[in-house]
Amino acid sequence: QVQLVESGGGLVQPGGSLTLSCAASGSIFSINAMAWFRQAPGKERELVAAMPSGGRANYADSVKGRFTISRDNAKNTVYLQMNSLKPEDTAVYYCNADIRARTGWFRGYWGQGTQVTVSS
């Protein structure tokens, strides 16, 4: 079995910064793409940023220039550095990954989510 555990969410003022982390654990052989999604109340879940293994990151237009996704493959961890946060960034942020584990592939595997609230 595998787990994706997000951390780093919280309450921040507009213009502030937060860094989210998502650590994968279990009997993992490799992880392909890792990504961050978010879902605001009453809205559909949307892609925020994604990073294939060894590839270039891509971002939603709404976060380009403000958010940065990065990976530490040795730690099976993906990060999302969020700067210049806006109230419209308020959402539950979810980690997603394609994981090859001892028991097989876990494609599009989700973490439990972490709440980010941007408010004064």
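Trp-110 is partly exposed in this predicted model, with a relative accessible area of 36%. The residue takes part in an aromatic pair with Tyr-94, whose geometry is edge-to-face, with a centre-to-centre separation of 6.2 Å and an angle of 85° between the planes. Distant parts of the chain are linked by this contact, since Tyr-94 belongs to strand S9 and Trp-110 to strand S10 (residues 104–110), 16 residues apart. Unlike Trp-110, which is partly exposed, Tyr-94 counts as buried, because its relative accessibility is 14% and the cut-off for burial is under 20%.

Further ring contacts extend this arrangement. Phe-37, Tyr-94 and Trp-110 are connected by ring pairs into a cluster. A charged side chain accompanies two of these rings: Arg-45 is placed over the face of Tyr-94, 3.7 Å from the ring centre, and Arg-45 also lies over the face of Trp-110, at 4.4 Å from the ring centre.

In total, 3 aromatic pairs were counted. Among them is the pair of Phe-106 and Tyr-109, which is edge-to-face because the planes stand at 85°, the ring centres being 5.4 Å apart. Phe-106 counts as buried at 17% relative accessibility, whereas Tyr-109 is partly exposed, with a relative accessible area of 23%.

Elsewhere in the model, an open sheet is formed by 4 strands in the order S1-S3-S8-S7, with antiparallel pairing. Strand S1 (2–7) and strand S7 (67–72) are the edge strands, each pairing on one side only. From one strand to the next, the twist averages 15°. Strand S7 is joined to strand S8 (residues 77–82) by 6 bridges, and the two run antiparallel. Within this part of the sheet, Asp-72 is found opposite Thr-77 of S8.

Backbone conformation was also examined in the loops on either side of S8. In the loop between S7 and S8 lies Asn-76, a residue other than glycine that nonetheless has a positive phi, near 50°. Asn-76 is partly exposed, its relative accessible area being 23%. A positive phi, of about 50°, is likewise found at Ser-84, which is not a glycine. Ser-84 is located in the loop between S8 and strand S9 (91–101). With a relative accessible area of 42%, Ser-84 is partly exposed. Strand S9, which follows in the description of that loop, is also the strand that contains Tyr-94.

Notes
Residues numbered from 1 in each chain as written. Predicted model: local features only at pLDDT ≥ 70, side-chain atom pairs only at ≥ 80, totals over all residues. Heavy atoms only, no water. Pairing = 2+ DSSP bridges. Axes fitted to C-alpha atoms, helices over the stretch in contact; angles between N-to-C directions. Buried < 20%, exposed > 50% of the residue type's maximum accessible area, 1.4 Å probe, protein only. Phe/Tyr/Trp six-rings, centres within 6.5 Å; stacked < 30°, edge-to-face > 60°. Lys NZ or Arg CZ within 6 Å of the ring centre and 35° of its normal.
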